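Hi,

Here is the structure I promised to pass on. Have a look at it first, then read my notes below.

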Amino acid sequence: MTGKSLTFHEGIWHEGNPPILGPMDHSWWMASSVFDGARAFAGLAPDLDLHCARIIRSAESVGIAPAMDGPAIEALCWDGIERFDAQAELYIRPMFYFTDGFVVPDYGAARFLLTIFESPLPEWRGLTACLVPFRRPSPEMAPTHAKASCLYPNVVRCMQAAREKGCDTAMVLDPDGNVAEFATNNLFMAKDGVVKTPAANGCFLAGITRARVIGLLRGAGVRVEETTLSVDDVLAADEVFLTGNYSKVLPISRVEQQSYEEGRLARLARDLYLEFAEREGRRRAA
């Protein structure tokens with residue numbers, strides 16, 4: 001990773017990659033941590049409050065009693081953002097993690113850290129996707145309602161499989177064989193002017209940017225349906241695009257062997273999101 005990075009840990013901002021975990025720490029060998037990801041760019045941090053609220057929910061869903069609340073984390077994020085150049089494009093990653101315990105963590109000993117680092121927003125271009133043999137787990141199989149680190153080895157193998165097939169990302173199915181999402185992003189498609197996205201069924205994280213884009217498109221008069229989608233539905237779409245905190249909105253140019261033109265609705269979603277960020281993404285007075 002290149003560029004400036006800062007980590008807040010135990011009351012101090014550290015530069016670079018400070019050594020925090022050791023081989024005896026629970027999170028090192030049991031992946032017992034939750035995190036969230038927000039973005040800042042040009043002095044804007046859209047929906048930062050929602051991301052800080054979500055990490056609290058993630059923590060609570062895996063048994064962590066957070067010592068900080070969402071507004072306190074948000075204020076700390078802004079303190080970190082303002083330590084970078086005003087035009088910097090940043091990734092913001094708060095985390096709760098465990099250090100003590102054998103198999104079952106010591107739930108009373110959760111710790112907090114916040115890392116902020118320079119990470120340019122991806123360029124606007126069509127991405128390619130393909131099917132992979134791995135699926136998203138059901139809520140009975142994994143803590144799918146949390147943004148939990150233990151879920152991400154499955155994400156990694158989805159991405160590895162896609163790249164082995166020469167694609168940028170994977171289109172991942174749920175346990176029932178319906179489309180869930182892309183490997184690291186939520187999935188949208190459009191057909192005959194109607195935008196559709198998989199209904200949240202507990203097996204994938206229905207993202208904050210996803211919800212924001214749904215609301216913005218509906219506010220602009222676009223019909224958006226949250227529904228069950230099959231692979232055939234996606235392959236028959238007029239256009240496909242993705243949303244996510246890291247990339248915001250990007251078009252998909254190909255799924256498997258089906259190609260798509262850069263769509264009007266994908267561009268509209270991107271433009272509406274950037275307008276929202278400019279309007280609502282600045283730090284509010286305390």
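Thr209, Arg212, Val213, Leu216 and Leu217 in helix α5 touch Leu265, Leu268, Ala269, Leu272, Tyr273, Phe276 and Arg279 in helix α7, where contact means heavy atoms within 4.5 Å. Those contact residues split into nine nonpolar, one polar and two charged. (Ala, Val, Leu, Ile, Met, Phe, Trp, Tyr, Cys and Pro count as nonpolar, Asp, Glu, Lys and Arg as charged, and the others, Gly among them, as polar.) The axes of α5 (residues 208-219) and α7 (residues 264-280) are 9 Å apart, at an angle of about 105°. Axes here are lines fitted to C-alpha atoms, for helices over the stretch in contact, with angles from 0 to 180 degrees between N-to-C directions. The two helices are therefore roughly perpendicular, a label for angles of 65 to 115 degrees.

Before you go on: this is a predicted model, so local features need pLDDT of at least 70 and side-chain atom pairs count only at pLDDT 80 or more, while totals for chains, interfaces and linings use all residues. Residues are numbered from 1 along each chain as its sequence is written, and side-chain values use heavy atoms, leaving out hydrogens and water.

Next, strand β15 (residues 239-244): six of its six residues are buried, so the strand is largely enclosed by the rest of the structure. Buried means under 20% relative accessible area (1.4 Å probe, protein chains only). Glu239, Phe241 and Thr243 cover one side, with Val240, Leu242 and Gly244 on the other. β15 runs antiparallel to β12 (residues 186-191), joined by five bridges, and Phe241 is the bridge partner of Phe188. Five bridges also link β15 to β16 (residues 248-255), again antiparallel, and here Val240 partners Ile252. β15 and β16 make a hairpin with three residues between them. Strands pair if DSSP finds at least two bridges between them.

Another hairpin is formed by β10 and β11, with five residues in between, and Gly177 in its turn has a positive phi of about 90°.

Which residue of strand β13 (residues 194-198) is worth a click? Try Thr197. Thr197 counts as buried because its relative accessibility is 1%.

Finally, the whole chain has seven helices and 17 strands; these are DSSP runs, helices being H or I with at least four residues and strands E with at least two, numbered from the N terminus. Of its 286 residues, 51% count as buried.

Cheers

Conventions. Parallel < 35°, antiparallel > 145°, perpendicular 65-115°, else oblique. Buried < 20%, exposed > 50% of the residue type's maximum accessible area, 1.4 Å probe, protein only.
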